Amino acid sequence: MRLRGWIGLGAVLVIAGLIAAYIYIHKSFAADPEEVRVVALLPDDPAVSSAGRLKFMGGLDIPRMGQNIGGLSGLRFLPEEGRLLAITDDARWVWVTPIENDGRLTGIRGVQTAPMLDADGEPLTGKQNGDSESLTRSAQGGWLVGFERSHRIARFADTDALAQEVGIDPLAIFGSLEDNGGLETLAGDEEALFLCAERAILAAASHNCAQRSGAGDVSLAAMTPPAEIAELGAVPTDADQTSTGVTYVLLRSYDPVIGNTAGIVRLGPDGRRSDIASLRAPFSVDNFEGLAVREEGDRTFLYIVSDDNFSGGQRTLLMKFEVMAAEPPA
């Protein structure tokens, strides 16, 4: 009886531990903070206002806000609406209106979500078919969305429209792709599409990005992270383009000792590359997977957002930067 009692108590404790771990990782809305919190670029010294060629213009830690805000990946700024559009890795659209003071990001409002619809008009569900990771404009209007696991690109004529095939096969471009290492990056449109897989460059002959023309011609490229974090094997997770054809590429890595790192690379219209910035501890950094360009006259701003994987151990950070013509003083 005594032995069975101890065994029974042990089983109860194991089950309780598993339940507690699950609750921590998959916190419900009610367990999350209700207020958006302002974050500094360098928490230990809030006066630090730059990283590389990026001038910090404000950062936010965004809770789930009762709408399960999380898992954010592809990101775009909608100048005609003054809003940001993101997608989640469970096939949802998310709109957020940034609140800004003298150009600095200080808060958000007007948060909305909606499901992506499949070809039959039903919400896309399940990881196999609904793991949306990348977003860009379509030349025909609407949006192109890249999915992993079931590796494909779909076109949505609008955010309430049904998914359509576009005839661009990521597997034909990149070869085999891992389930959780697919099409993380889209920029441009069908006429000149820049796309990257979540793949680190391990050999001189390997590639993780490609440029595809409207005629279907493909040129392959190797996208490596900024030199400061090159040894960590960062992978591309998003990109966006300016009206002049400049492409900004976001890369990120994770190491259990170092934690998250992120880097931003600039590709000129002629393909010339330059490293813009690297972010690693003690900077505010998380699993950054979304980047959006915002242009105001001759000034270029970048928003980046992190994917919290719906985990209690990660955050949804939204940060804004201005790209400086030259590296600002420390």
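The structure, a predicted model, holds 20 salt bridges. Three of these pairs are set out below.

| Salt bridge | N to O distance | Burial |
|---|---|---|
| D240 and R76 | 3.4 Å | D240 buried, R76 buried |
| D89 and K127 | 4.0 Å | D89 buried (5%), K127 partly exposed (40%) |
| E296 and R294 | 2.9 Å | E296 partly exposed (37%), R294 buried (16%) |

The salt bridge of D240 and R76 links distant parts of the chain, since D240 stands in strand 16 (residues 235-241) and R76 in strand 4 (residues 72-78), 164 residues apart. In the bridge of D89 with K127, D89 belongs to the loop between strand 5 (83-88) and strand 6 (92-101) while K127 belongs to helix 2 (residues 127-130), so parts 38 residues apart in sequence are tied together. Why does D89 count as buried? The relative accessible area of D89 is 5%, and a residue is called buried when this value is under 20%. The side chains of E296 and R294 also meet in a salt bridge. Through shared partners, salt bridges join D89, K127, D131 and R149 into one network.

The chain also has a covalent cross-link. The count of disulfides comes to one, formed by C196 and C209 with their sulfur atoms 2.0 Å apart. This link is right-handed, with 105 degrees about the S-S bond. C196 lies in strand 13 (residues 192-197) and C209 in strand 14 (residues 209-213), so the disulfide ties together parts that are 13 residues apart in sequence. C196 is buried, at 0% relative accessible area, and C209 is likewise buried at 0%.

The nonpolar interior comes next. In soluble globular proteins, nonpolar side chains tend to be buried together. The largest nonpolar core has 23 residues, of which Y248, I264 and I304 touch the most other members. Several strands each supply at least two residues of this core, including strand 3 (54-62), strand 17 and strand 18 (259-267). Strand 22 gives the largest share, four residues. Another core, of 17 residues, lies apart from it; among its members are V96, I108, V111 and A292.

Finally, one residue may be examined in its surroundings. T247 is placed in strand 17 (residues 247-255). Is T247 buried or exposed? T247 counts as buried because its relative accessibility is 6%. The side chains of T247 and Q241 are joined by a polar contact of 3.1 Å. Beyond its neighbours within four places in sequence, T247 is in contact with residues including F194, A239, D240 and V265.

Terms used:
Residues are numbered from 1 along each chain as its sequence is written. This is a predicted model: local features need pLDDT of at least 70, side-chain atom pairs count only at pLDDT 80 or more; totals for chains, interfaces and linings use all residues. Side-chain values use heavy atoms; hydrogens and water are left out. Buried means under 20% relative accessible area, exposed over 50%, partly exposed in between (1.4 Å probe, protein chains only). A polar contact is a pair of N or O atoms within 3.5 Å; within protein, one must be able to donate a hydrogen and the other to accept it, and residues adjacent in sequence count only if both atoms are side-chain atoms. Contact means heavy atoms within 4.5 Å. A disulfide is a pair of cysteine sulfur atoms within 2.5 Å. A nonpolar core is a set of buried Ala, Val, Leu, Ile, Met, Phe, Trp, Tyr and Cys residues joined through side-chain atoms within 4.5 Å.
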